[in-house]
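Me: I should like to learn how packed helices and enclosed spaces are read from a set of coordinates. Please take me through the general idea and then the case at hand.

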Amino acid sequence: MDLDIDHLRGWIGREEVQAELLTGALVQRFKATFDRSSPIDDGAEAPLMIHLCLGQPAAPTAELGPDGHPERGGFLPPVPLPRRMWAGGALEFHAPIRIGEAVRRRSVIEDVVLKEGRSGPLCFVTVTHHVESGGRRALTERQDIVYRMAQATTPEAPSAPTAPEGHHCRPIAATPTLLFRYSALTFNGHRIHYDGAYARKEEGYPGLIVHGPMQATMLVQLAQEIRGAPPAGFEFRSLSPLFDTHDFTLNAEDEGDALRLWTARDAGPLAMEARARW
């Protein structure tokens, strides 16, 4: 495949601005998805990571690609590789987002890099999101998006060791209902998260893929519960996928003033690893 990296790097520096009012109703649905409860009155602090549900692209259905994503081009560069996934990222939390406030996100494409992986070319797109709530700086987020070739199957690397169980360990049932609800919250049309037949037949997966952002959200929630306060910073990277064919666990270990966190299915390798600091 001819991949014109110079053309794609022409997207570096592009910006996009989205804004949305954070309502108590959205917070209520977010908390219900994660089996949590707290005040949803205007002025109350919103849960961490709810910004991922706000101002998401709203392409007309007729303009979606066969995978459920908007057609390539526009803000993100038109990378011709067919498979797109969230590879990792980092967040700095500055101030809480509050219910009833307008949340504004300014997104900037920072870099576009071509690498060679075991399965062929990989194109990494780095995006920085600057998020404000009520005109105040709320958080800064870096997202690493990877595009790759299609594969007939997605075998697990035989050398990947089994992930340990953390000192703090929470079981999570990876149900299709949970995955569908998170897709709906984030207006994510990517079919690998809710269309089992598509995920198996078209993309070669054994089942539905558990969202990377949802895993990251759950790990941030666990970190906040353990320390009793929201972290100042959180970074993570995806190492292997989780599917709805197995339940999984959230894990954490103390690492000095920080927490090391990870997800894994039973007897499986690390899926996502992360670090939270205060």
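**Cavity, pocket and helix packing**

Reply: This is a predicted model. About 40 Å³ of space lies in its largest cavity.

Me: How many cavities of 30 Å³ or more does the structure hold?

Reply: The structure holds 1 cavity of 30 Å³ or more.

Me: Which residues line the largest cavity?

Reply: The lining is formed by Gln18, His51, Leu54, Gly55, Val103, Arg105 and Val131. By class, this lining has 3 nonpolar, 3 polar and 1 charged residues.

Me: Let us turn to the pockets. How much space lies in the second largest pocket?

Reply: The second largest pocket holds about 450 Å³ of space. It is lined by 24 residues, and those closest to its centre are Ala46, Pro47, Leu48, Gln224 and Pro230.

Me: Which elements give two or more residues to the lining of that second largest pocket?

Reply: They are helix 2, strand 5 (136-148) and helix 5 (212-227). Helix 5 gives the most, with 3 residues. The lining of the second largest pocket comprises 14 nonpolar, 6 polar and 4 charged residues.

Me: How should one describe two packed helices?

Reply: In general, two packed helices are described by the angle between their axes and the distance between the axes. In this structure, helix 2 (residues 24-33) and helix 3 (residues 176-185) pack at an angle of about 155°, and their axes are 10 Å apart.

Me: What does that angle say about the relative direction of helix 2 and helix 3?

Reply: An angle over 145 degrees counts as roughly antiparallel. Helix 2 and helix 3 are therefore roughly antiparallel to each other. The crossing of helix 2 past helix 3 is left-handed.

Me: Which residues make the contact between helix 2 and helix 3?

Reply: Helix 2 contributes Leu26, Arg29, Phe30, Ala32 and Thr33, while helix 3 contributes Leu178, Arg181, Tyr182 and Leu185. Sorted by class, the contact of helix 2 with helix 3 has 6 nonpolar, 1 polar and 2 charged residues.

Me: At what angle do helix 3 and helix 5 cross?

Reply: The axes of helix 3 and helix 5 cross at roughly 95° and come within 10 Å. The range from 65 to 115 degrees counts as roughly perpendicular, and helix 3 and helix 5 are therefore roughly perpendicular to each other.

Me: Where do helix 3 and helix 5 meet?

Reply: Leu178, Leu179 and Tyr182 of helix 3 meet Pro213, Met214, Thr217 and Met218 of helix 5. This contact of helix 3 with helix 5 has 6 nonpolar residues, 1 polar residue and no charged residues.

Methods: Residues are numbered from 1 along each chain as its sequence is written. This is a predicted model: local features need pLDDT of at least 70, side-chain atom pairs count only at pLDDT 80 or more; totals for chains, interfaces and linings use all residues. Side-chain values use heavy atoms; hydrogens and water are left out. Axes are lines fitted to C-alpha atoms, for helices over the stretch in contact, and angles run from 0 to 180 degrees between N-to-C directions. Helices (H or I, at least four residues) and strands (E, at least two) are DSSP runs, numbered from the N terminus. Angles under 35 degrees count as roughly parallel, over 145 as roughly antiparallel, 65 to 115 as roughly perpendicular and the rest as oblique. A crossing is left-handed if the near helix is turned anticlockwise from the far one by less than a right angle, and right-handed if clockwise. Contact means heavy atoms within 4.5 Å. Ala, Val, Leu, Ile, Met, Phe, Trp, Tyr, Cys and Pro count as nonpolar, Asp, Glu, Lys and Arg as charged, and the others, Gly among them, as polar. On a 1 Å grid over the protein atoms alone, a cavity is a set of points where a 1.4 Å probe fits but cannot get out, and a pocket is an open set with protein on both sides within 12 Å along at least five of seven lines; lining residues have an atom within 4 Å of a point. Grid points are joined across faces, edges and corners, and a volume is the space filled by probe spheres set on the points.
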